[in-house]
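Colleague: Please pick one part of this protein and take a close look at it. Begin with the strands and then go on to the side chains, in words a first-year student can follow.

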Amino acid sequence: MKKSILVILSVLAVAVLAVSFSGCLATGDDKPAGVDHPVIDNPAVIQSITYHTFPFGSNTVTANILVQIQGTFSQSVDTDNITVTIIGDKVYVNVPVTDSSEQNTRDFGYENVEVVLGTKDQFKDGDYTVIVNGGTSREFVSKIKFTGGQLSSFKPGNIGDIVIGSDGNNITVNVSVMLGGSAETVDKGNITTSGKFENGKYEIFIPTQVKDGITTLILIFAQESFVVGQLDQFEDGTYTVSVNGVEVTFTIENGRLVE
């Protein structure tokens, strides 16, 4: 049996400029025909979003948005024109950038922007889709949920070890998911797989749910296991399993998993 193990320990070393902003409701005057929310001309590139109430225990729902600045000496976030529009179960956030000069240094930097989405009493219990820079080529979509007035958010799980094995009849994949404290759990109900190998690759997506509030901050490892196919149905060759974009390979020879 051949084990393929890959550990992702990624550290983002960036200079972060913290900017606080209270999102204002858009008037909708800049909506294109047939679109129910504003669309902007200069959307920012969104790197990631985290959600929380700030300060903790307050009624204010905040999105912490990490923006990738393309040309650190010529581009910045246009904080004066950030807008928030809530329509049903959709929260549309527009985060534009502005260029201070025509010269682009072509290097990347980051700005961290705090955007107030609203207050807890504006959100009924249920699922919401947050769409940043919707209708543009830089659209970024994520999910939040309210249960009993408590905020939860979702993100792709951080993947640790991925081990390919066989139980004698099937090819198995055992995945270690790294959880950042007691507030984060594997969102088992929304795990998805491709169900079969397409062009030699099998896709698995494991999301996690993060509850707003106090956490232990202790790194926790959760284990998830999958059967990706019957051993006797594989032709000889090398196959790839991708878990949240992290890829491992295994080889089949003469109907057996090569050790």
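**Strands, and a buried glutamate**

Modeller: Ala63 stands opposite Val115 in strand 9. The model is a predicted one. The pair belongs to a longer run of pairing: strand 4, residues 60-70, and strand 9 run antiparallel and are joined by eleven bridges. In general, the strands of a sheet pair through backbone hydrogen bonds, and the pairing is either parallel or antiparallel. Strand 9 covers residues 108-119, and nine of its twelve residues are buried, so the rest of the structure largely encloses this strand.

Some totals give the setting. The protein has 22 strands and zero helices. Of its 259 residues, 44% count as buried. Among the contacts with a separation of 6 or more, 67% are between residues 24 or more positions apart. The accessible surface is about 13,900 Å², and carbon and sulfur atoms make up 49% of that area.

Gln75 leads from strand 4 towards the side chains. Gln75 is in strand 5, residues 75-77. Its relative accessible area is 12%, which is under 20%, so Gln75 counts as buried. A polar atom of the Gln75 side chain lies 3.0 Å from the backbone nitrogen of Gln70. The Gln75 side chain also makes a polar contact of 3.4 Å with the side chain of Asp99. With neighbours within four places in sequence left aside, the residues in contact with Gln75 include Gln68, Ile69, Val97, Thr98 and Glu111.

Next comes an open sheet of three strands, with the order 13-14-19 and antiparallel pairing. Strand 13, residues 158-166, and strand 19 are the edges; each has a single partner strand, so one side of each has no neighbour in the sheet. On average, neighbouring strands of this sheet are turned by 20° against each other, direction ignored. Strand 13 is joined to strand 14, residues 170-180, by seven bridges, and the two run antiparallel. One residue pair here is Asn158 with its bridge partner Met178 in strand 14.

Met178 is also in contact with Glu184, and Glu184 is the residue to look at closely. Glu184 is found in strand 15, residues 184-186. At 7% relative accessibility it falls under the 20% limit, so Glu184 is buried. What does its side chain reach? The Glu184 side chain comes to 2.7 Å from the backbone nitrogen of Gly180. Glu184 and Thr208 are joined through their side chains by a polar contact of 2.7 Å. Apart from neighbours within four places in sequence, the contacts of Glu184 include Lys155, Leu179, Gln209 and Val210.

Lys155 matters to this account for its charge pairing with Glu184. Side chains of opposite charge can pair when their charged atoms come close. The side chains of Lys155 and Glu184 form a salt bridge, 3.1 Å from N to O. Lys155 is in strand 12, residues 150-156, and Glu184 in strand 15, so the salt bridge ties together parts 29 residues apart in sequence. Lys155 has a relative accessible area of 28% and is partly exposed, whereas Glu184 is buried.

How many salt bridges does the count come to? The count is five. Another joins Lys201 and Glu247, whose closest N and O atoms are 2.6 Å apart. Lys201 lies in strand 17 and Glu247 in strand 21, residues 246-253, so this pair ties together parts 46 residues apart in sequence. Lys201 is partly exposed at 27% relative accessible area, and Glu247 is partly exposed at 42%. Glu198 also forms a salt bridge, with Lys196, at 3.6 Å between the closest N and O atoms. Glu198 is partly exposed, with a relative accessibility of 43%.

Two loop residues complete the tour. Asn199 lies in the loop between strand 16 (192-193) and strand 17 (201-205). Asn199 is not a glycine, yet its phi is positive, about 55°. Its relative accessibility is 87%, which is over 50%, so Asn199 counts as exposed. Leu217, in the loop between strand 18 (207-211) and strand 19 (219-230), has a positive phi near 65° and is likewise not a glycine. Leu217 is exposed, at 71% relative accessible area.

Key
Residues are numbered from 1 along each chain as its sequence is written. This is a predicted model: local features need pLDDT of at least 70, side-chain atom pairs count only at pLDDT 80 or more; totals for chains, interfaces and linings use all residues. Side-chain values use heavy atoms; hydrogens and water are left out. Helices (H or I, at least four residues) and strands (E, at least two) are DSSP runs, numbered from the N terminus. Buried means under 20% relative accessible area, exposed over 50%, partly exposed in between (1.4 Å probe, protein chains only). Two strands pair if DSSP finds at least two bridges between them. Contact means heavy atoms within 4.5 Å. Accessible areas come from the Shrake-Rupley method with a 1.4 Å probe; for residues, only the protein chains shown count as cover. A polar contact is a pair of N or O atoms within 3.5 Å; within protein, one must be able to donate a hydrogen and the other to accept it, and residues adjacent in sequence count only if both atoms are side-chain atoms. Axes are lines fitted to C-alpha atoms, for helices over the stretch in contact, and angles run from 0 to 180 degrees between N-to-C directions. A salt bridge is a side-chain nitrogen of Lys or Arg within 4 Å of a carboxyl oxygen of Asp or Glu.
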